[in-house]
Amino acid sequence: MTINFGVMTMKNIFVKITAIAATSIAIATSANNPAQAIELNFNWQGDAGYSATGSFSYDETTAPTIISELGSGATNFLQSLNVSFLDPSKNLLGTYNTVSGGVSESSFFAFNFNTSTQTLFGPFDVAGGTGVIGEYFFQGTVGDSLFLRQDVDQQGTSTTLDQNSGSIQVSKVPEPASLLGLLAFAGLGVASTFKKKQASY
């Protein structure tokens, strides 16, 4: 009776894991299908140890091969873009939502992205641009030189904190459905292992 109870318990756990994973995947898929938004991360490391990390998103069903955005106001295809800056000791300097809800808040905003190769290229200018003293901004040309700067006065004077040769990495953020699929797969493995242990008694 004890063995049968243990097997039944594992069967119940197995069924629950499968059901929860399937339901979660279905919900995540239906939530993502209307807009088909894709999110990517970008990371930059300056020669002096400063760094920038952020993400951006766009609708992959309507976006062209080349996404080019410039200035403030409604964007053409980009839905969001945020970036955070860290000093060499990994202390947070500031976080900016350059694009939110398909609207750019910076008149200096410049963004060029190849959706086919998933690479940034050309002029790049994100973060500050509102004229606030002390704000940080990240600009330059991808593949040539990129700079992390800070405004020091309202006349547009800035100081360069760090720079590099224009290298910036882009990586795709895993979709929720994929992560849930891996979780469900792991759950099946756990249930199978417990079943084998119960059968050996």
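Which ring does the charged end of Arg149 sit over? The ring is that of Phe147, and the charged end of Arg149 lies 4.3 Å from its centre. Keep Arg149 in mind, as we will come back to it. Please also keep in mind that this is a predicted model.

Let us start with the overall picture. The protein chain has 14 strands and two helices. Of its 201 residues, 36% are buried. If you take the contacts between residues at least 6 apart in sequence, 48% of them join residues at least 24 apart. The accessible surface of the chain comes to about 11,000 Å², and carbon and sulfur atoms account for 58% of that surface.

Now for the sheet. Seven strands make up an open sheet with antiparallel pairing, and their order is β4-β7-β6-β5-β2-β1-β14. The edges are taken by β4 (73-74) and β14 (169-172); each has a single partner strand, so one side of each has no neighbour in the sheet. In general, the strands of a sheet pair through backbone hydrogen bonds, in either a parallel or an antiparallel way. At the β4 edge, the partner is strand β7 (residues 103-104), which runs antiparallel to β4 and is joined to it by two bridges. You can find this pairing by looking for Ala74, which stands opposite Val103 in β7.

From the sheet we can turn to the interior. Nonpolar side chains in soluble globular proteins tend to be buried together. In this model, the largest nonpolar core has 30 residues, and the ones with the most contacts inside it are Phe56, Leu81, Phe85, Phe111, Phe124, Phe138 and Ile168. The elements that give two or more residues to this core include β1 (37-45), β2 (51-59), β5 (78-86) and β6 (92-100). Also on that list are β8 (110-114), β10 (122-127), β11 (136-142) and β12 (145-151). Ile168 is a good place to look around: leaving aside residues up to four places away in sequence, Ile168 touches Phe42, Asn43, Trp44, Leu120, Phe124, Phe138, Val142 and Leu146.

Several of those names return when we look at the aromatic rings. The count of aromatic pairs comes to 13. One of them is the pair of Trp44 and Phe138, which is tilted, with 4.8 Å from centre to centre and 55° between the planes. This pair links distant parts of the chain, as Trp44 lies in strand β1 and Phe138 in strand β11, 94 residues apart. Both Trp44 and Phe138 are buried. Phe138 also pairs with Phe124: the ring centres are 5.6 Å apart and the planes stand at 85°, so this pair is edge-to-face. Because Phe124 lies in strand β10 and Phe138 in strand β11, the pair ties together parts 14 residues apart in sequence. Phe124 is buried, as is Phe138. Ring pairs join up into a cluster that links Phe42, Trp44, Phe56, Tyr58, Phe85, Tyr96, Phe109, Phe111, Phe113, Phe124, Tyr136 and Phe138.

Is Tyr136, a member of that cluster, buried or exposed? With a relative accessible area of 12%, Tyr136 falls under the 20% limit and so is buried. Tyr136 lies in strand β11, and its C-alpha atom is 9.2 Å from that of Val126, a residue 10 places away along the chain. Not counting residues up to four places away in sequence, Tyr136 touches Phe85, Leu93, Tyr96, Ala127, Gly128, Leu148, Arg149, Gln150 and Leu161.

That brings us back to Arg149, one of the residues touched by Tyr136. Arg149 stands opposite Thr160 in β13. Six bridges join β12 to β13 (residues 158-164), and the two strands run antiparallel. Their hairpin has six residues between the strands, and Gly156 there takes a positive phi near 90°.

To finish, a look at the backbone in two other loops. Most residues other than glycine have a negative phi. Lys90, in the loop between β5 and β6, has a positive phi near 70°. Gln118, in the loop between β8 and β9 (119-120), has a positive phi near 55°. The side of Gln118 open to solvent can be put in numbers too: its relative accessible area is 26%, so Gln118 is partly exposed.

Definitions and conventions. Residues numbered from 1 in each chain as written. Predicted model: local features only at pLDDT ≥ 70, side-chain atom pairs only at ≥ 80, totals over all residues. Heavy atoms only, no water. Helix = DSSP H or I, 4+ residues; strand = E, 2+ residues; numbered from the N terminus. Buried < 20%, exposed > 50% of the residue type's maximum accessible area, 1.4 Å probe, protein only. Contact = heavy atoms within 4.5 Å. Areas by Shrake-Rupley, 256 points an atom, 1.4 Å probe, with all protein chains shown as cover. Core = buried A, V, L, I, M, F, W, Y, C linked by side-chain atoms within 4.5 Å. Pairing = 2+ DSSP bridges. Phe/Tyr/Trp six-rings, centres within 6.5 Å; stacked < 30°, edge-to-face > 60°. Lys NZ or Arg CZ within 6 Å of the ring centre and 35° of its normal.
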